[in-house]
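Below are some comments on the model you sent, set out as numbered points. Please read them with the structure open beside you.

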Amino acid sequence: MKKNLKVFTTAILAAAFGLSGTAFAAEADFGAAGAAANPTTEIEKMLKYTLEDEYLAKAEYETIIAEYGSIRSFTNIMKAEERHIAALEPLFEAYKLELPVVDPSQYTVLPATLEESYKAGVEAEIKNIAMYEEFLKLDLPDDVGFVFENLMKASESHLAAFERAADGQAGTGIGQGGVNRGGRGTRGNGVQTNQQ
């Protein structure tokens with residue numbers, strides 16, 4: 001069953017990346033694509049995949065901004081990705097894990113147009129949300145589950161912003177659900193949701 005699920009997930013990802021010229025680059029063992037292709041129950045691997053995926057999104061949005069200018073949806077969400085990274089890093093310390101050096105530059109892709117960039121943002125956030133949904137099905141420690149849940153909610157807001165932008169609607173800010181550091185969350189891990 002587990003092997004079939006892995007094959008099925010890999011086939012879905014391959015089809016998604018093969019059908020779309022706007023999808024962000026993926027590597028079999030990097031970020032959300034790595035998490036989908038290599039299901040795991042190990043905290044260290046889950047944290048690695050999530051950190052990689054947040055760095056990849058940040059790098060993609062920086063690349064898009066450099067090419068197409070300071071567009072609100074990308075600038076706001078890029079800043080949110082920085083907060084996501086900052087929310088994940090303390091978990092490595094809490095579990096006495098070495099913080100990996102993440103270089104997403106070899107995986108970034110510049111979409112051919114701004115419109116394709118919005119669609120790529122939609123695809124990236126869908127994959128990010130799917131990764132968190134799978135991890136949250138597991139019996140996670142409270143602090144890890146809390147951070148993953150908040151990051152998933154933030155990605156849902158990012159997805160909505162990119163969908164609005166892809167549909168040509170104005171006002172593509174990040175909305176609710178961002179994650180930031182500061183204060184103490186209800187589980188004492190320094191992560192709070194940013195309700196606007």
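1. In this predicted model, helices α4 and α6 are roughly antiparallel to each other, because their axes cross at roughly 170° and an angle over 145 degrees is counted as roughly antiparallel. Helix α4 covers residues 72-94 and helix α6 covers residues 142-166, and the two axes come within 11 Å.

2. The residues through which this pair meets can be listed from either side. From α4 they include S73, F74, I77, A80, E81 and H84, followed by A87, L88, L91 and A94; from α6, the partners include D143, V144, V147, F148 and L151, together with A154, H158, A161, F162 and A165.

3. A separate point concerns D53, which lies in helix α3, a helix spanning residues 43-68. D53 is buried but forms no salt bridge, and the nearest side chain of opposite charge, that of K127, is 9.3 Å away. Once neighbours within four places in sequence are set aside, the contacts of D53 are with G31, A32, N128 and M131.

4. As for the overall arrangement, the protein contains six helices and two strands, and their order along the sequence is α-α-α-α-α-α-β-β. Among contacts with a separation of 6 or more, 68% join residues that are 24 or more positions apart.

5. Finally, on burial and surface, 47% of the 196 residues count as buried, while the accessible surface of the protein comes to about 9700 Å², with 52% of that area belonging to carbon and sulfur atoms.

How values were computed. Residues numbered from 1 in each chain as written. Predicted model: local features only at pLDDT ≥ 70, side-chain atom pairs only at ≥ 80, totals over all residues. Heavy atoms only, no water. Helix = DSSP H or I, 4+ residues; strand = E, 2+ residues; numbered from the N terminus. Buried < 20%, exposed > 50% of the residue type's maximum accessible area, 1.4 Å probe, protein only. Contact = heavy atoms within 4.5 Å. Areas by Shrake-Rupley, 256 points an atom, 1.4 Å probe, with all protein chains shown as cover. Lys, Arg positive; Asp, Glu negative; His and termini not counted. Salt bridge = Lys/Arg side-chain N within 4 Å of Asp/Glu carboxyl O. Axes fitted to C-alpha atoms, helices over the stretch in contact; angles between N-to-C directions. Parallel < 35°, antiparallel > 145°, perpendicular 65-115°, else oblique.
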